[in-house]
Amino acid sequence: MKPIESIKEFGGYLNRYEHQSVTCQCQMTFSVYLPPQAELHPVPALYWLSGLTCTDDNVRTKAGMQRYAAEQGIALIFPDTSPRGEAVADVAERYDLGHGAGFYVNATQQPWRTHYQMFAYVTEELPRLIEAELPIMANVKSISGHSMGGHGALICALKLPHDYCSVSAFSPIANPVECDWGKGCFSAYLGADKHAWQAYDATLLLAEGAKFADILIDQGTADEFYDEGQLLPENFQAACKQAGQALTLRMQEGYDHSYHFIASFVGEHIAYHARALKLCAVSDGA
């Protein structure tokens, strides 16, 4: 981990790092907010997965999360949304495939599979690195995200339910095999066999028996991508009902897809995760 930036905020520090990723076989950038409590003892962490076209920088400058994290004593982890670099495959004319659009899957198809191993990066390599190098509690973490990152948060929690204390999402791509964004990326990264896509679709994971203790989702009713059929929260809601999965889906009247929406409710999400993380820390003996 090479530190490249440090900014004091709300008594803690927003730090940015670079490292050579073994998983993605390129240099990766990520940010970490360490609350003031981290100067005294290790703290639990909330991983935030961002959406299409974003880097780690969008959420740390737009969402206002650090204030709430400082109050709750939680570290925030902001990974990038994809591998990057001249050697990393990309489609320059598309915003929804390649750089900025990793979709949090482990790609199996060329030219993507060499670098696009974002599921393994987010769930395995990055937590190991951070917990070894920073004052962050081992195995006491939660996950959240927005849009493509909301999809990522849901699949991480459903596929690895014992790894996370809680999960939430803003405007997630909840049933990607049924929307244009998901079809475009999954066919490129995972190939033509749609059975392989199911392992990265939160709605279909529920149908196959995956379950998590509780799920919180906020969705704006004025979200243009909701209107276009890219997000499909009702499909996920129906799957939860069928599977007996606990879900709180809040349709927030008049809110769009932007960080204005996230900033309006992120304090409630931080409090939601803080409660779960504290229970995890107690049960873990911390």
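These are my notes on one histidine and on several salt bridges in a predicted model.

**Entry 1: His269**

I looked up His269 first and found the residue in helix 10, which spans residues 259-283. His269 is buried, because its relative accessible area is 1% and the cut-off for buried is under 20%. I then checked its side chain and noted a polar contact of 2.8 Å with the side chain of Asp218. Leaving aside neighbours within four places in sequence, I listed Ser144, Ser168, Ala169, Phe170, Leu216, Asp218 and Arg250 as in contact with His269.

**Entry 2: Glu268 and Arg250**

Arg250 came up again in the salt bridges. I found Arg250 paired with Glu268, with the closest N and O atoms 2.9 Å apart. Glu268 lies in helix 10 and Arg250 in strand 9 (residues 247-252), so the salt bridge ties together parts 18 residues apart in sequence. I read both as partly exposed: Glu268 at 41% relative accessibility, Arg250 at 24%.

**Entry 3: Arg60 and Glu5**

I counted eight salt bridges. One of them joins Arg60 and Glu5, whose closest N and O atoms are 2.5 Å apart. This pair links distant parts of the chain, since Arg60 is in helix 1 (residues 56-62) and Glu5 in strand 1 (residues 2-9), 55 residues apart. Arg60 is buried at 7%, whereas Glu5 is partly exposed at 32%. I also noted that salt bridges with shared partners join Glu5, Asp57 and Arg60 into one network.

**Entry 4: Arg84 and Asp80**

I looked up the salt bridge between Arg84 and Asp80 last and recorded 2.7 Å between the closest N and O atoms. Arg84 is partly exposed, with a relative accessible area of 26%, while Asp80 is buried at 5%.

Key. Residues are numbered from 1 along each chain as its sequence is written. This is a predicted model: local features need pLDDT of at least 70, side-chain atom pairs count only at pLDDT 80 or more; totals for chains, interfaces and linings use all residues. Side-chain values use heavy atoms; hydrogens and water are left out. Helices (H or I, at least four residues) and strands (E, at least two) are DSSP runs, numbered from the N terminus. Buried means under 20% relative accessible area, exposed over 50%, partly exposed in between (1.4 Å probe, protein chains only). A polar contact is a pair of N or O atoms within 3.5 Å; within protein, one must be able to donate a hydrogen and the other to accept it, and residues adjacent in sequence count only if both atoms are side-chain atoms. Contact means heavy atoms within 4.5 Å. A salt bridge is a side-chain nitrogen of Lys or Arg within 4 Å of a carboxyl oxygen of Asp or Glu.
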